Amino acid sequence: MTYVFSWWIAVEIMGLAALPLAWRLFRNLPDRGYSLAKPLGILLTSYLLWLAVSFGFLANTWIAILLVILLVGGISALLCLKASDTEGSANARATGRAFRIAVPRIAGFVRQNLGLIITNELVFAVAFGLWALVRAYNPEISGTEKPMDFAFLNAILRSEQFPALDPWLSGFAISYYYFGYLMMAVLTRLAGGPSEVAFNLAIALLFALTASGAFSLTYNLVSRHRRREGSGDRVATAFGALGAIFVVVIGNLEGLLEVVHTRGLGSAAFWQWIDIKNLAAAPVSGSWVPTDNWWWWRASRVVHDVAFGQDMEVIDEFPFFSFLLGDMHPHVLGLPLVLLALGLALNLLWSKREAHWWEMVLLGLCVGGLGFLNSWDLPIYLLICLVAYALASYRRWEGFGRRWLSDVGFFTLVLVALSFVLYLPFWLGFRSQAGGIRLVLLVKTSLHQYLIMFGTFIYVVVAFLGYELWRTVKVLQSEKARRGFGRWLPLGLVAGLLLLLSVPLTLLKLHLVALLVILIGVGFLVFWERLRSFALPAVTSSATFALILILVALLLTFSVEFVFLKDTFGTRMNTVFKFYYQAWVLFAVSSAFGIYYLGPWVRRQRKVLSGLWFLGFLPLFLASLVYPILATHNKTGGFVGSPTLDGMAHLELAHGDDLAAIRWLRANVEGAPVILEATGGSYTYYGRVSVHTGLPTVLGWGGHELQWRGNYDEPGKREPEIEALYTSPDDASTAALLEEYDISYVYVGGLERSTYGISRLVTDKFERLMDVVYQEGDVTIYRRR
C-alpha cells in the first residue's frame, strides 16, 4: 500500500509541475488539459533527463530527476506567465504584471471547475487503485514479453548514461524504442521501492493514465458541443466516463462466443464458420463460464489467417487484453501519449490563431515522442494533428488559397522536422527489422471476424456516417434552388463509384473490403461536403473531429487487407496488431462521442428513433462487458490467495536458489558489469539473471535481438563462444573470452548445468581464473580477478 501511495504522489508531483503549461497549451479545451497534465509532466521530465544524461550533463540518479522536475516546473510557470495568446497578456511584458494576470485566471478556472477537477482525480485514482488490486492477484513477471520488459526496466535503472545498456547483448545499447521504459524507470526511482513492485504499479499507472486521458478527450468533445447548445457539463462528464470505459474496459465480442461455446450451444458447422483459432476445440462444460486455462487469450487471435492449409499467426490485441496480460510493452506504454497527442490535435482544431514557437516545440516533443515510444504510432498521430491544423487554418482563412497553403505547408515542415530533430540521438542509434512494404496476397480478413473485433463500435460508426450523410443531402437540397443540380454531381459520382466497386468485391466474397470501401467512401464524401457546403464553424466542430478519427481508423483496418510492413516474421501479423490497436482507440473515442451525438439527449426532434437506436446498442455494449468480467476472474484466480505486488515472489517455489542468488546480486553488485549466464530461446526461462538484475549478459534472447537489429550476426557469433565458456576446460581460451566480452561475473546454476552439462573440469577452471563470491544451493557465482 505504501508503494501505491508513493507512486500516486510521484505522478501528482509531475502533473502539478506541468499544470500551468497544460493550462496555457490546451487553452481551447473546456477542461484546459487538466487530465493531460500528468502524461505531459511525465513526458517532459523523462525527455529532459534523457537529453541531459545522453549528453553527459547529468547522471541517471534520483537527484537528477528531482532537478529536472524543478526545471519542468520553472519552465511551465515561465511559459504560462510569458506566453502571449488571445486571452491574455500581449501587453503584460513585465513578470509582475503577467503574474497578476495569470494567477487570478488559473484560480478562477479552478473555482469554476472544481467539480470537474475532483472528477478527473477520482477517475485517475480509482483506475489506478483498481488495477493495482488486479495486478496484486496475478503479479508474476513471467511469460510472454514480461521478461523482456522487466529486463529493460532494470537495465535502464542500472545505466549511468544513455543510451541505455542492452541487458541481452553486453557492450551494446538498446536498439529499440525504449522511451516508455525510461519513463517508468524515472517514476520507479522517484517513488522508491523495488523494481519488481514498480513493474506492476507501472501497469496500473498506464491503465489509469489511459482511462483519464480518454475521459478528458471525450469530455471535451461533448462539452464543446453542449456549450454551443447552451447546456451544462453533467452529460459531458457522464460521456467522458463512457469514453474511458470504451477505451480501456470493454472487450471485443469474442468473450460472448466463449460463453456460448462452453455452454454447448451452436453446431459444429457454426464454430467451424466462426473459425477463431482453437475455440472449436475448447472444452464444453455446460456452464456459462469458460473453464480452460487462459481461454481469454483467444480474444487476441480473432483474425485467423490460413494460407495453403497453414495457420498464420495474427495478433489483434485491444487495451483491456493488454492490461490484463500485463506486458509492459511499447504499444501499452504509448497509450497515455497517444491520448495526449489526440488532445493536442483537438486543441489545434479549435485554435483561432497560428501556433507560437513554444507551442510548436511542445507539439514536436509530444508527437515526436511517439516515435521513441512506439514508432508505429508516429505517422498516425502526426497525420491527425496535421489534418486538425489544416482544418483550423481553413476556417481562419475562410477557405483554401495561397495563404492557407503557405500556413499549412510551413506548419507541416516544422512539425515533421521537430518530431525527428528533438529525438535525433535516438534515431541515429536506432536499428530496425523493418524491410519495406509488402503486398497481402493470400489472405483476407473475414467480415464476421472483423465484426467480432470491432462490432460494438461499427454499430455506432455506421449510424454516425449515415446521419452525417443525411445531413449532407439536406444541405444539398437546400442549395438546389440556388445552384442547380450541379451541386449533386459529387454525391452522384461517389455513389456510382461505390456501387461499381462494392458489387464485384461482394461477388468475389471480399465482404469486409466491400463494407470498408463503402464506409470510407461515405466518410470522405461527408468530409468534403462539410468543407464545401456547411458553415465555417462546422468545419472545426466536435463531430468533424470524430469523423477524422473514424476515417483514420477505417483506413488503418482497410490498409492491412492489402499491404504490410515486412519484418522477421514475414507476414502481416505485426501490422494488423499495431494498426488494429490504434484503430480501437480511435473507434472507442469517436463511438463514445457518437453515442452522445446520436442519442435521444441530443436528437430531441427524433427522440423515438434515437431511443430505439440506443436500445439496439445496449445488447452490444453488455456483450462487450462479458470478456473483461470473466477474463479478469480467470486471470486473477477469482481473487483468491494473498495479494502481493512483488513480481518475483513466484520464483520462490520453482526457482528458489535462483531467486536468492538474484537478490544477492541486486544487493551487492553496483553499476552494470557483464555477467555470463546460459543463453536460449525467446519466451523461456533463459536470460533470467539479466532480466531480474538488469546486469548485461553476453547474450539473452537471441530471437529478440534479431528482431531489434534486423540481423543475427552478433548473436550468432556469441552463441558458440558462450557454449565454449561453459564446456571447455582450457584456461587460456576462457581467459581470452572473458577479456573480450569484459565479463566480470559468471553464473552457474541449474539451468547452466542442464543446458551445457558442466563438468568438474569446467568448475575447476573457473575457480582457477576467478573468485567464488556466492555459493548457495545449486548456484555458484564467480567474479573475475
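**Exercise 1. A loop residue with positive phi**

In which loop does glutamate 398 lie? Describe the backbone and the exposure of this residue in the predicted model.

*Solution.*
Step 1. Glutamate 398 is located in the loop between α16 and α17.
Step 2. Consider the backbone: phi of glutamate 398 is positive, about 60°, although the residue is not a glycine.
Step 3. Consider the exposure: the relative accessible area of glutamate 398 is 64%. Exposed means over 50%, so glutamate 398 is classed as exposed.

**Exercise 2. The packing of α16 against α17**

Determine how helix α16 and helix α17 are arranged relative to each other, and which residues form their contact.

*Solution.*
Step 1. Helix α16 covers residues 377-396 and helix α17 covers residues 402-421. Their axes lie 10 Å apart, at an angle of about 155°.
Step 2. Angles over 145 degrees count as roughly antiparallel; α16 and α17 are therefore roughly antiparallel to each other.
Step 3. The crossing in which α16 passes α17 is right-handed.
Step 4. On the α16 side, the contact comprises Leu378, Leu382, Cys385, Leu386, Tyr389, Ala390, Ser393, Tyr394 and Arg396. On the α17 side, it comprises Trp404, Asp407, Val408, Phe411, Thr412, Leu415, Val416, Ser419 and Phe420.
Step 5. Sorted by class, the residues of this contact are 13 nonpolar, three polar and two charged.
Step 6. For the spacing of such positions, recall that an α-helix has 3.6 residues a turn, so residues three or four places apart point the same way.

**Exercise 3. The other partner of the contact analysis: α15**

At roughly what angle do the axes of helix α15 and α16 cross? State the direction, the handedness and the residues involved.

*Solution.*
Step 1. Helix α15 spans residues 357-373, and its axis comes within 8 Å of that of α16. The two axes cross at roughly 160°.
Step 2. With the same cut-off of 145 degrees, α15 and α16 are therefore roughly antiparallel to each other.
Step 3. The crossing of α15 past α16 is right-handed.
Step 4. Helix α15 supplies Val367, Gly368, Leu370 and Gly371, while α16 supplies Asp377, Leu378, Tyr381, Leu382 and Cys385.
Step 5. The classes here are six nonpolar, two polar and one charged.
Step 6. Compare the lists: Leu378, Leu382 and Cys385 of α16 appear in the contact with α15 and also in the contact with α17.

**Exercise 4. Length and burial of two helices**

Assess the span and the burial of α16 and of helix α24.

*Solution.*
Step 1. The 20 residues of α16 reach 29 Å from the first C-alpha to the last, close to the 28 Å expected at 1.5 Å a residue.
Step 2. Of these 20 residues, 15 are buried, and α16 is mostly covered.
Step 3. Helix α24 (residues 573-598) has 26 residues and reaches 35 Å, close to the 38 Å expected.
Step 4. In α24, 26 of the 26 residues are buried, so this helix is largely enclosed by the rest of the structure.

**Exercise 5. Two further backbone features**

Locate the cis peptide bond that ends at proline 163, and characterise tyrosine 683.

*Solution.*
Step 1. The peptide bond from phenylalanine 162 to proline 163 is cis, with omega near 10°. Proline 163 belongs to the loop between α6 (146-158) and α7 (179-191).
Step 2. Tyrosine 683, a residue other than glycine, has a positive phi near 60°. Its place is the loop between β5 (674-676) and α28 (688-693).
Step 3. The relative accessibility of tyrosine 683 is 45%, which counts as partly exposed.

**Exercise 6. Environments of three residues**

Is asparagine 347 buried or exposed? Answer likewise for valine 772 and arginine 785, and list contacts beyond four places in sequence.

*Solution.*
Step 1. Asparagine 347, in helix α14 (residues 335-349), is buried, with a relative accessible area of 6%. The contacts of asparagine 347 are Leu25, Phe26, Arg27, Asn28 and Leu29.
Step 2. Valine 772, in strand β7 (residues 770-776), is partly exposed at 40% relative accessible area. Glu767, Thr780, Ile781 and Tyr782 are in contact with valine 772.
Step 3. Arginine 785, in the segment after β8 (779-784), is exposed, with a relative accessible area of 58%. Arginine 785 touches Glu767, Arg768, Leu769, Met770 and Asp771.

Methods
Residues numbered from 1 in each chain as written. Predicted model: local features only at pLDDT ≥ 70, side-chain atom pairs only at ≥ 80, totals over all residues. Heavy atoms only, no water. Axes fitted to C-alpha atoms, helices over the stretch in contact; angles between N-to-C directions. Helix = DSSP H or I, 4+ residues; strand = E, 2+ residues; numbered from the N terminus. Parallel < 35°, antiparallel > 145°, perpendicular 65-115°, else oblique. Left-handed = near helix turned anticlockwise from the far one by under 90°. Contact = heavy atoms within 4.5 Å. Nonpolar A, V, L, I, M, F, W, Y, C, P; charged D, E, K, R; others polar. Expected span 1.5 Å × (residues − 1). Buried < 20%, exposed > 50% of the residue type's maximum accessible area, 1.4 Å probe, protein only.
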